[in-house]
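Visitor: I would like a close look at a single part of this complex, and then an account of how the rest is arranged around that part. Please take the parts in a connected order and say where caution is needed.

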Amino acid sequence: MADRLNMRVMLLILSLVFAFLYLPISVLVGLSFNAGGMPTAWTGFSLKWYGALFANRDILRAAGNTLVVGLVSAGIATILGTLLAIGIEIRRRKGRFLETLVFAPMVIPDIVLAIALLSFFSLLDVRLGLHTVILAHVVFNLAFVCAVVRARLKSFDWSIVEASADLGASTLTTLRRVVLPALAPAIIAGGLLAFTLSVDEFIIAFFTAGPERASITLPMQIYAMIRFGVTPEINVLATLVIGFSLVTLALSQRLNRGGLPGQ
Amino acid sequence: MLQRRITERCRIVMQDRKSLVLVAPAFAWLTAFMVVPCLLILALAFFRRGIYGGIEYDITFENFAMVLDPLYARIFLKSAWIAGLAALIAAVLGYAAAYAIASMPRHRQPALLFFAILPFWSNYLVRTYAWIVLLNREGLIVGIARALGFSGEMPQMLYTEGAVVLGLVYNYLPFVILAAYAPLSRLNPEISEASRDLGAGRWTTFRRVILPITLPGVATGFVFVFVLSIGNFVTPALLGGGQFQMIGNLVYDQFLSANDWPFGSALSMVLIAVMLVLLTAQTFANERASTGRQSAEPADG
Amino acid sequence: MTTLLSIRNVEKHFGRVRAVNGVSLDIRENEFFALLGSSGSGKTTLLRMLAGFETLSAGQILLNGRDISNVAPNHRPVNLMFQSYALFPHMSVAQNIAYGLEMEKLPRAEIRARVDEILSTIQLSALAARKPEQLSGGQRQRVALARALVKRPQLLLLDEPLGALDKKLRSEMQLELKRIQHQFGITFVIVTHDQEEALVMADRIAILQHGELVQCAPPREVYEHPATRFAAEFIGVMNFIPVQRDGAKLTAADGSAIHAAIPEGLGADIVAAVRPERLRLDAENCDNRLSGRILATAYHGLDLQVHVAIPAMAKPMVCRVTADAAEARDFKADDILTLGWNSADTRLFAA
């Protein structure tokens, strides 16, 4: 039958799509180890550009800033997002408004949220800096944490809550001893996802970080460097950033076997 | 009976009061840093730009009228064209990829899907930058062509409309694969066998049965790619090299260089309006086609 | 009756597993034929080979003498009613039924006439415009049947057609399917794991086990003269009595003599089998007798089943007592009961 032919066509499509998805990234990773640093000629394996990168104070400071923004905004978003998810799920009267509100940051174009926050902060005369980036990042991180935890809650066996109450635990004790431990993998996964998103986020940070060099985040630094053109240092930075995202995502995936975030 | 209904109502109220405590902090945050700012630019869009860049607080529709100005309308159409093209290509490629994944053995599918979406979670700028490395005048593609003995004039690849479309497709393709895969994987395999059994060939089965049932997923992907692309300013700036503007760049300029915040706000609102219209239309279409989803198992008699 | 379908030495290998192993069957025109087996018996694989969804690893399938082994499913004059019904969710009932006729490129008027006709046959004319999700399980089942029947196939295959229905509806549909088969005069091949269903509906039953054909015979024959111990156990309820053979003499574990015709090829270790309804309480008039203690009684309305523990036998014997007999006599646990049966009702299998 033609099934074998069919299978071959499918494999061909898959190979082409995967090549399209992975070749450009792989080229970057490969080039980051190229001694000559230029894309057109391979001049031998070298780690010298990695050395150069770690000597670049601007990049290190940007990386530090990004880490701060990522950790703080993911931390806040994890707490608020988890509570929100539990709150929405136990609400008997499902509010369509609340659902839309939580979903909105995922669909509003980044640029719109960015300029809205910029206008908002400047109207209130808030000095821009890393703290405003954090305030802004919590908005979309919240949405993602909430989505991941809610996905877990969908398959959550609510009878264990009733069992806990039946055995004499108060609501708070039940939350602390039963609900949160059962949700822990999803909560950590959601937090890690939020952290990754925040570390990679560029547009909102770009608008809400303000003009000072001290509050430049890593993606802003990368954007500035890319506009200058192709340099070996960006290849290295790009490789590190990709590696970082993949490790965090893999970790989050391992913890939460519920499936890929966004699924 | 009445007694029970009253207790039930009390329980609901109690439950809601408790849940309110859980929901309140996030609700407050979203209100302060999303709802209010968005309402603010909605309001700004109706004010007038001051002579020296400030804002004059009298109501006007000028900003929206300006969107219709041929100069800006052209940018809008151009953006829509590029976003539409990118969304269409991504939809076709994404559907093909999702279809291929769904036709692999069941136990392989989760891993394949995972690796198809993985690039989506790496940095957007880095993924875009990768194409600069490939496409530029001293880039890898030119290098390979030279190495293969091609000595003529290479066409300009970077800083073209094609490069922007390519960049958008590349960045958003995983998203479409994910969206298109969901209904394909849920499709009962006996459905397409039934079509074959009733005398339809492969192509007819695909066109009349598989495609209509699984289209909503790819439509979702299309709308999202379109919306994300039309408001994008990074890809046009990096791969388009400022050769042409898209709405995203226009908004960017109003806020960071031209200092016309009311016009920038109006542009954003139009963007949001386009997005809302598309999402609503698509939700409606999905609801009409939702019969196609819960197909697999027959319910009880 | 002439042979419609010949299955000749058909095999299907999945890797090292032989899902179907050398099955040969002839199915006649106008026959209601059942493929019966538990899961993993190869019955579904065999059915899918008939429909064209599985290739044959070896053997041949002939339809009216023509080899259709390599004919694609859409070119076979054979239709399948799927277990999940596989109704097209985006099409109405009428569109679902018309689909197969459209594939034959029939004129529009004829398609409409045939769809209308079959809709009235299955009494669903009023629901023609509904989508499948708006139908009940029983209605979907009838639409699936109509969709396959409207093509007037030479052979209709039905994969567990009643599996998704509740018990009451199932017994109604068993008769309905028989009626429809009779009315259309089409050969039906049904796959089922439900032996009762097969007994009620089929003209002939093929029992499959581990991909091999165990027995192929009319229901009565399969029930009264099962070919193997497996067939005896799979169909209905059967009492098995381990016996030792010494020449022509058979002895049960408690020492009682058992009389039965010994078929060729049996060794020393044998099980004798007898149906519960063949056990009689007037044991003194019977060839064979066993006594034991009553363990329990189970009331089934139609009859009373008495479970009797026989000394030195692992499993108790089950005896079916008719309602009249049950009223005439009081069965109490721990009472001693002697069960009798005739040698003609005894079947012997290798242990």
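**From the annotated domain of chain C to the helical chains**

Guide: UniProt, in an unreviewed entry, places the feature "domain: ABC transporter" at residues 5-235 of chain C, and this part is a good place to begin in what is a predicted model. Over residues 5-235 of chain C the chain is 36% helix and 27% strand, with the end C-alpha atoms 25 Å apart. The domain assignment of chain C gives domain 1 as residues 3-229 and domain 2 as residues 237-350, and the C-alpha centres of these two domains of chain C lie 39 Å apart. As for confidence, chain C averages a pLDDT of 92, and 100% of its residues score at least 70. For the complex, the predictor gives an ipTM of 0.88 and a pTM of 0.83.

Turning to chain A, the secondary structure comes to 11 helices and 0 strands, so that part of the description needs no strand order at all, as the run of elements from the N terminus is α-α-α-α-α-α-α-α-α-α-α. Along the principal axes, the C-alpha atoms of chain A fill a box of roughly 70 × 70 × 30 Å. Of the 263 residues of chain A, 45% count as buried, and among the contacts in chain A between residues at least 6 apart in sequence, 78% join residues at least 24 apart.

One residue of chain A illustrates this packing. A:Leu237 lies in helix 11 of chain A and counts as buried because 29 other C-beta atoms lie within 10 Å, where 20 or more are needed. Leaving aside neighbours within four places in sequence, A:Leu237 is in contact with A:Leu53, A:Ile59 and A:Ile222. A:Met7, by contrast, is 230 residues from A:Leu237 in sequence and 39 Å from A:Leu237 in space, C-alpha to C-alpha.

Chain B has 12 helices and 2 strands, and the elements run α-β-β-α-α-α-α-α-α-α-α-α-α-α from the N terminus on. Of the 301 residues of chain B, 47% count as buried, and residues 24 or more positions apart account for 72% of the contacts in chain B with a separation of 6 or more. An unreviewed UniProt entry places the feature "domain: ABC transmembrane type-1" at residues 76-282 of chain B; in the model this span is 76% helix and 0% strand, and its end C-alpha atoms lie 21 Å apart. For "transmembrane region", again in an unreviewed entry, UniProt lists residues 20-47, 80-100, 112-132, 163-184, 205-230 and 263-285 of chain B. Two of these spans can be set beside the model: residues 80-100 of chain B are 100% helix and 0% strand, with the end C-alpha atoms 29 Å apart, and residues 205-230 of chain B are likewise 100% helix and 0% strand, with the end C-alpha atoms 35 Å apart.

Where chains A and B meet, 65 residues of chain A are in contact with 67 residues of chain B. On the side of chain A that touches chain B, the elements giving two or more residues include helix 1 (3-31), helix 3 (57-90), helix 6 (130-154) and helix 11 (232-255) of chain A. Helix 1 of chain A gives the most to this side, with 11 residues. By class, the side of chain A that touches chain B has 52 nonpolar, 9 polar and 4 charged residues.

The nonpolar cores add to this picture. The largest has 167 residues, and those with the most contacts inside this core are A:Leu84, A:Leu117 and A:Leu142. A:Leu84 touches residues of both chains, namely A:Val102, A:Leu142, A:Cys146, B:Leu22, B:Val23 and B:Ala26, not counting residues up to four places away in sequence. Apart from this core lies another, of 107 residues, which includes C:Val20, C:Ile61, C:Ile111 and C:Phe188.

Caution is needed in chain B, which averages a pLDDT of 84, with 89% of the residues scoring at least 70. Over residues 291-301 of chain B the pLDDT is below 50, although this stretch has 31 contacts in the model beyond near neighbours in sequence. Where pLDDT is low, the predicted coordinates should not be read in detail.

Methods
Residues are numbered from 1 along each chain as its sequence is written. Chains are lettered from A and ligands numbered from 1 in the order in which they are written. This is a predicted model: local features need pLDDT of at least 70, side-chain atom pairs count only at pLDDT 80 or more; totals for chains, interfaces and linings use all residues. Domain bounds come from an automatic or database domain assignment. Two residues are in contact if their C-beta atoms, placed from the backbone, lie within 7 Å. Helices (H or I, at least four residues) and strands (E, at least two) are DSSP runs, numbered from the N terminus. Ala, Val, Leu, Ile, Met, Phe, Trp, Tyr, Cys and Pro count as nonpolar, Asp, Glu, Lys and Arg as charged, and the others, Gly among them, as polar. UniProt positions are given in the numbering used here, feature names are shortened, and annotations may be inferred rather than shown by experiment. A nonpolar core is a set of buried Ala, Val, Leu, Ile, Met, Phe, Trp, Tyr and Cys residues joined through C-beta atoms within 7 Å. A residue is buried if 20 or more other C-beta atoms lie within 10 Å of its own, exposed if 12 or fewer, and partly exposed in between; C-beta atoms are placed from the backbone. pLDDT is the predictor's confidence in each residue, from 0 to 100.
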